[in-house]
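Trainee: I should like to learn how to read the features of a structure that is new to me. May we take them one at a time?

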Amino acid sequence: MVVIASRRSVLATRVQVSNQLSSKILIAHCRSKDDDLGARVIIVGKDTGWSFEADISGVTLFWCNLAVEDKRLSFTAFDGDMYGDQFWDVRDDGVYGTTKFTNARYLEREWRRIQRLN
């Protein structure tokens, strides 16, 4: 009898979130179903990132909640439909994405203002 061990196919992947705002501190809180990466403070011109093994069957998912002053946004930083490393630039009008395979940036999500209660 021959026994073949089954092993998940994974792909080493990196996600990077960069603060490209004009002059503001960014709070980024990223997580997956299994891993909470915690809230990170990112100063202008700096970035944060993490590496993981993405399951090529498409079940890996990371999302981020971003905050700056009175603006918030949430976006999917990585999911099974994305291929390769993901790079996200946070700018004054929203978050822009690209992969290591292309230099074309695209606006993924715009900021929304939160209303403060007095």
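Trainee: Which residue's side chain meets that of Arg91 in a salt bridge?

Mentor: Please bear in mind first that this is a predicted model. To recognise a salt bridge, one looks for a side-chain nitrogen of Lys or Arg within 4 Å of a carboxyl oxygen of Asp or Glu. Here the partner of Arg91 is Asp89, with N to O at 3.7 Å. That value lies within the 4 Å cut-off, so the pair counts as a salt bridge.

Trainee: Are these two residues buried or exposed?

Mentor: The relative accessible area decides this. Asp89 has 10% relative accessibility and counts as buried, because buried means under 20%. Arg91 is partly exposed, with a relative accessible area of 30%.

Trainee: Which other residue forms a salt bridge with Asp89?

Mentor: The side chain of Arg105 also meets Asp89, with N to O at 3.1 Å. Arg105 is in the loop between strand E8 (94-99) and strand E9 (106-110), while Asp89 is in strand E7 (residues 86-91), so this pair ties together parts that are 16 residues apart in sequence. Arg105 is partly exposed, at 39% relative accessible area. Taken together, Asp89, Arg91 and Arg105 are linked in a network of salt bridges.

Trainee: In what sense does E7 pair with E8, and over how many bridges?

Mentor: For paired strands, one asks about their sense, their bridges and their connection. E7 and E8 pair in the antiparallel sense, over six bridges. A hairpin of two residues joins E7 to E8. Within this pairing, Asp89 stands opposite Tyr96 in E8. Asp89 therefore has a place both in the strand pairing and in the salt-bridge network.

Trainee: How many salt bridges does a search of the whole structure find?

Mentor: The search finds three. Besides those of Asp89 with Arg91 and with Arg105, there is one between Arg113 and Asp70, whose closest N and O atoms are 2.8 Å apart. Arg113 belongs to strand E10 (residues 112-113) and Asp70 to the loop between strand E5 (62-68) and strand E6 (71-78), so the pair ties together parts that are 43 residues apart in sequence. Arg113 is exposed, with a relative accessible area of 60%, whereas Asp70 is partly exposed, at 23%.

Trainee: What is the phi of Glu69?

Mentor: The general idea is that most residues other than glycine have a negative phi. The phi of Glu69 is near 50 degrees, a positive value in a residue other than glycine. Glu69 is placed in the loop between E5 and E6. With 51% relative accessibility, Glu69 counts as exposed.

Trainee: I should now like to consider covalent links between side chains. How many disulfides does the structure hold, and which residues are joined?

Mentor: The structure holds one disulfide. It joins Cys30 to Cys64, with S to S at 2.0 Å. Cys30 lies in strand E2 (residues 26-32) and Cys64 in strand E5, so the pair ties together parts that are 34 residues apart in sequence.

Trainee: What is the handedness of this disulfide, and why?

Mentor: One reads handedness from the torsion about the S-S bond. For Cys30 and Cys64 this torsion is about 110 degrees, so the disulfide is right-handed.

Trainee: Are the two cysteines buried or exposed?

Mentor: Cys30 is buried, with a relative accessible area of 4%. Cys64 also counts as buried, at 0% relative accessibility.

How values were computed: Residues are numbered from 1 along each chain as its sequence is written. This is a predicted model: local features need pLDDT of at least 70, side-chain atom pairs count only at pLDDT 80 or more; totals for chains, interfaces and linings use all residues. Side-chain values use heavy atoms; hydrogens and water are left out. Helices (H or I, at least four residues) and strands (E, at least two) are DSSP runs, numbered from the N terminus. Buried means under 20% relative accessible area, exposed over 50%, partly exposed in between (1.4 Å probe, protein chains only). A disulfide is a pair of cysteine sulfur atoms within 2.5 Å. Two strands pair if DSSP finds at least two bridges between them.
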